Each structure stands twice: as C-alpha cells, then as structure tokens.
Amino acid sequence: MKQPVRVTVTGAAGQICYSLLFRIASGEMLGNDQPVILNLLEITPALKVCEAVAMELNDCAFPLVKDIVVTDDPAVAFKDSQIGLMVGAKPRGPGMERKDLIADNGKIFSSLGKVINEVADKNIKICVVGNPANTNAFILAANAPSINQRNITALTRLDHNRALYQLAEKSGSDIAEIKKMIIWGNHSVTQVPDIAFATVAGDAAADKVDAAWAKDDFMPTVAKRGAAVIAARGSSSAASAANAVLDHMRDWCLGSESGDWVSMAVPSDGSYGVEKGLIYSYPVVCKDGDYEIVQGLEVSDFIKGKMDESEQELKEEREAVADLF
Ligand code: NAX
C-alpha cells in the first residue's frame, strides 16, 4: 500500500468543493491505488457546514481516505501538505468591482502564502481556483519564497474543457478526437482560446470550421461561458470547475495523454515573450509529476495581439495588489 498523500482543500464548505471532495476521495484525482488524507480549511463561520461535509465523506466509506481534518487554522491545514487546492475565496458581491475583489481575495492569498511557506512540504503542488486565480497565485508565490515556485499554478482547465466542447459541437466531432487545444493568458474575459494547432481526428481543426466562427463566436463564447452559466443558474460553475481541478491535478501528478497537451496557468519562464514570473496560461505537457510548456509554436499576429492584451491585464492586476508582496 502506498503512503497517503496529504491534500489540503480550502473553501471546503463551498459549492465547488461539494463536488470536488467526493471525487478526490474516490480516487479520481490521484488514482485508485493512492490513499489520501484530506485537510479541509474553512473560515470559522463555515466550520459547521464543513463538519457536515466531512460527515458525508465518512458516510461514503471511501477505502482510500485515511483521515479527514477539519480546521479554521491554516497552519494546521497546510502542515506537511503535498497538494493544495486553493478554492476558498470571497465571491464578487453586488456592486463590487473586479478591483475590490482583487484587493479582498489578495489578502487571503498573501496570508495563506506565508503559512504555506512555513509549514507545507517544499514541493507542494498548488492549484489556485479562487478568483482572480492567476493573480492570487502570483500573490501566493511572492509570499512563499521557500516553496518550489514552479509548483504554484492556477486553473484554466475549465476554460480548456469549455473550448473542447464548443469545437466538438461546431465540427460535429467526438470530444475524444480533439487534441492540442490552447488557452493562453489570464482566467478572465481576456483569455485567448486558440484552435490554431488543434486537430480533430488528426486533421487541422481550422479546416473543419470557418475562420470567422473561430474569431467572432468561439473565442467570446468560451471566454464568457462562466458568465453565461451564472446567468442561467444563478450561481457560478461548480461541478464543471471541480471536474477541471481534478483534470489539472491528475494530469500534473500522473501525466497528460500522449500526443496531446493541456492548458495550465504556470509561472512564465519568458516563453512566447510573456514577462517572466507572471502566472500565465500556456499549453503544457505533463510527465513524471512535472510539466513543460510546449515550445516553438508559430503564433499568428492576431493571437499574439490578444495574448499581449491578456498579459497587460495581468500586469494591471499585479499593480493593484503591489502592497501584498
Ligand atoms: P462558494 O462561495 O460556494 O465557496 C467558497 C468557500 O470559501 C466558502 O465556503 C467560504 O467560507 C470559503 N472561504 C472564504 N474565505 C476563505 C479563507 N480565507 N480560507 C478558507 N476558506 C475560505 O464559492 P465556489 O462556487 O466554491 O467558488 C470558489 C471560488 O472559485 C470563487 O472565487 C470563484 O470565483 C472561483 N471559480 C474559479 C473558476 C476557475 O476556473 N478558476 C471557475 C469557477 C469559480 O467561478
């Protein structure tokens, strides 16, 4: 039997986690031979609900779950943690602007970064989900200098999966036949969904759909899909976000599919001219518990222009929280 992996999940009483935790516990993230210890972090007022989630997890009698810790103390939640799923954050309230959200949530991620820096495993793999995800990951990284910085990432896999669905539907193909989708940039409306290198059953996706659709329909539909779900459901994407977190972490830990790539927001190494250190979504290949940014793609001027806009937005977000690092 393998040693259990300690997984910390923040915002554990929230919507996304109500879908996420049960699937981690069943082995869908790390494999059905990998035991886990679940450390569930919540703010004090939500502890009772979090205890109820733990009760339900216990009532599932998942054989892989070796322990569940419910706490409002980040130092307990992240002690020796090897995986951090950073879901907990404030949602945008009525009348709140994006910059208010950045300031409020930024504080959460600076203080959690400091705690992680002190108590977590130095190679903890982190996926930030709470919005603004890329900038929150940047703040966390800046406050956790002792942690392997490569391992501080943010979620754009939901955008990637949304893009796969849109292309499959438009081209009348099976999602499993689509490879090499890309989301570049920020997890926001400036994100750049890009089908230029995508294939459908081995053929260029660009030959299956017209260029105007890709530009005027596909790109905005994917970028605004989160808002469309909110409009339809009255609250933000939850099960699909949880599914994307599982995809992100499973591929990172166990390897992505051969011949394909996935989108992850990772610290830029300067690839494609993006400023080093910004948490930017790239196409990556995952292998042996690590990822590599796909290199050498010849990006069109149109896409590069959009990528630059998304990079600029990330710089502005960083500027807005400069006091937090
Ligand atoms: P909920 O409001 O249902 O749950 C959030 C939970 O976080 C609450 O239970 C709250 O008590 C807890 N929390 C707040 N501050 C905390 C702190 N300092 N420490 C620990 N827990 C804390 O939101 P939910 O629908 O689960 O969404 C969570 C976050 O994911 C939001 O920021 C949301 O915007 C973001 N999303 C990100 C997506 C992505 O693709 N990156 C997509 C889905 C989602 O919109």
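Biologist: Which residues lie nearest the centre of the largest pocket?

Modeller: Happy to start there, bearing in mind that this is a predicted model. The lining of the largest pocket has 48 residues, and the space inside is about 1,500 Å³. Those nearest the centre are Lys-90, Pro-91, Gly-130, Asn-131 and Ser-236.

Biologist: Why does the largest pocket lie between domain 1 and domain 2?

Modeller: Look at who contributes to the walls. Domain 1 spans 5-154 and domain 2 spans 157-319. The largest pocket lies between them because its lining takes residues from both domain 1 and domain 2.

Biologist: Which helix gives the largest share of the lining of the largest pocket?

Modeller: Helices H1 (15-25), H4 (98-119), H6 (157-171) and H8 (225-233) each provide at least two lining residues. By character, the lining holds 20 nonpolar, 18 polar and ten charged residues. The largest share, six residues, is from H4.

Biologist: Good, now the second largest pocket: which element gives the most to its lining?

Modeller: That pocket holds about 230 Å³ of space. Its lining counts 16 residues, with Ile-195, Ala-196, Ala-211, Ala-214 and Lys-215 closest to the centre. Strand S9 (192-194), helix H7 (211-223) and helix H10 (301-320) each supply at least two of the lining residues. The most, six residues, comes from H7.

Biologist: And how many residues in the lining of the second largest pocket are nonpolar?

Modeller: Let's take the other classes before the nonpolar one. The lining of the second largest pocket includes one polar residue and three charged ones. The nonpolar residues number twelve.

Biologist: Back to Asn-131: is its peptide bond to Pro-132 cis or trans?

Modeller: Asn-131 is one of the residues nearest the centre of the largest pocket. Pro-132 sits in the loop between strand S5 (125-128) and helix H5 (133-142). Omega for the bond from Asn-131 to Pro-132 is near -5°, and the bond is cis.

Biologist: Is Lys-180 exposed, partly exposed or buried?

Modeller: Lys-180 is in the loop between strand S7 (178-179) and strand S8 (182-184). Its phi is near 60°, positive in a residue other than glycine. With a relative accessible area of 28%, Lys-180 is partly exposed.

Biologist: Is Asp-288 buried or exposed?

Modeller: Asp-288 also has a positive phi, about 50°, although it is not a glycine. Its place is in the loop between strand S13 (279-287) and strand S14 (290-293). The relative accessible area of Asp-288 is 73%, so this residue is exposed.

Key. Residues are numbered from 1 along each chain as its sequence is written. This is a predicted model: local features need pLDDT of at least 70, side-chain atom pairs count only at pLDDT 80 or more; totals for chains, interfaces and linings use all residues. Side-chain values use heavy atoms; hydrogens and water are left out. On a 1 Å grid over the protein atoms alone, a cavity is a set of points where a 1.4 Å probe fits but cannot get out, and a pocket is an open set with protein on both sides within 12 Å along at least five of seven lines; lining residues have an atom within 4 Å of a point. Grid points are joined across faces, edges and corners, and a volume is the space filled by probe spheres set on the points. Helices (H or I, at least four residues) and strands (E, at least two) are DSSP runs, numbered from the N terminus. Ala, Val, Leu, Ile, Met, Phe, Trp, Tyr, Cys and Pro count as nonpolar, Asp, Glu, Lys and Arg as charged, and the others, Gly among them, as polar. Domain bounds come from an automatic or database domain assignment. Buried means under 20% relative accessible area, exposed over 50%, partly exposed in between (1.4 Å probe, protein chains only).
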